[in-house]
Amino acid sequence: DLKRFTFTVLPIPPLPQAVFGFPKADSVLDAAFFKANRSIDFRWSSVKDATHYRFKLLDSSGRSIFTADIRADAAQPAISFKDIARLSRGAFSAEVRAQRRLSNGKVFQDGTVTRVHFQIDIPKGRKVSTDETGVLYGK
C-alpha cells in the first residue's frame, strides 16, 4: 500500500536590508565636503549570508550613473566613487542590494534594496567675461 504525502516548497526569503552608514538620508554634500574629499565613499552595514552587494548610483530621474558588484568579504562594505565630474548639482540616490550567489555566480538569494537620497550643492560655474581682444600682439 503506497501512502501519499504532500509538501510545499516556499520561496526563499529575501536577505535583510543593509543600512547606509554614509551618506545618511538627505545629506547635503557641499563645496566644503568636496574640498576635503576627492571621492564619495559609500558605506553600509554588512548583511549576514551575503556573498556580494549590488551597488547603484542614480540621478534624480532614476537613470543609472554607476553600477558595481562588490564581494562581501569586508567587515565594513564600501565603494569609493571617484568620478566626481559625472555628478552635478542636484538630487541623487544610491542603492545597495545584498545577494547570496552560488559558486557559478548565479544569484541564489536576493536581498531587499536599500536606497538613500542625498543632495550635491556646489556653486554653479561662473561665466567668465573677457574684454574684446583689441589689437593682437605682434601684428
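Me: Before we look at this predicted model, what do the words buried, exposed and partly exposed stand for?
Reply: Buried means under 20% relative accessible area, exposed means over 50%, and partly exposed covers what lies in between.

Me: Why is D121 called partly exposed?
Reply: The relative accessible area of D121 is 39%, and because partly exposed lies between the cut-offs of 20% and 50%, D121 is counted as partly exposed.

Me: What makes D121 and R89 a salt bridge?
Reply: Their side chains meet with N and O 3.6 Å apart, and since the definition asks for a side-chain nitrogen of Lys or Arg within 4 Å of a carboxyl oxygen of Asp or Glu, the pair of D121 and R89 counts as a salt bridge. This pair links distant parts of the chain, with D121 in strand β9 and R89 in the loop between β6 and β7, 32 residues apart. R89, for its part, has a relative accessible area of 42% and is therefore partly exposed.

Me: How do you know that R115 and E95 form a salt bridge, and where do the two residues lie?
Reply: The closest N and O atoms of R115 and E95 are 2.7 Å apart, which is within the 4 Å that the definition allows. R115 belongs to strand β9 and E95 to strand β7, 20 residues apart.

Me: Is E95 buried or exposed, and what about R115?
Reply: E95 has a relative accessible area of 10%, so E95 is buried, because the cut-off for buried is under 20%. R115, at 47% relative accessibility, counts as partly exposed.

Me: Why is K48 called exposed, while D49 is called partly exposed?
Reply: K48 reaches 67% relative accessibility and so counts as exposed, the cut-off being over 50%. D49 stands at 41% and therefore counts as partly exposed. These two residues also form a salt bridge, with the closest N and O atoms 3.8 Å apart.

Me: What makes D59 a buried residue, and which residues is D59 in contact with?
Reply: D59, whose place is in strand β4, has a relative accessible area of 16%, so D59 is buried, because 16% is under the 20% cut-off. Leaving aside neighbours within four places in sequence, D59 is in contact with I65, A91 and F92, and the side chain of D59 also reaches the backbone nitrogen of R63 at 2.9 Å.

Technical notes
Residues are numbered from 1 along each chain as its sequence is written. This is a predicted model: local features need pLDDT of at least 70, side-chain atom pairs count only at pLDDT 80 or more; totals for chains, interfaces and linings use all residues. Side-chain values use heavy atoms; hydrogens and water are left out. Helices (H or I, at least four residues) and strands (E, at least two) are DSSP runs, numbered from the N terminus. Buried means under 20% relative accessible area, exposed over 50%, partly exposed in between (1.4 Å probe, protein chains only). A polar contact is a pair of N or O atoms within 3.5 Å; within protein, one must be able to donate a hydrogen and the other to accept it, and residues adjacent in sequence count only if both atoms are side-chain atoms. Contact means heavy atoms within 4.5 Å.
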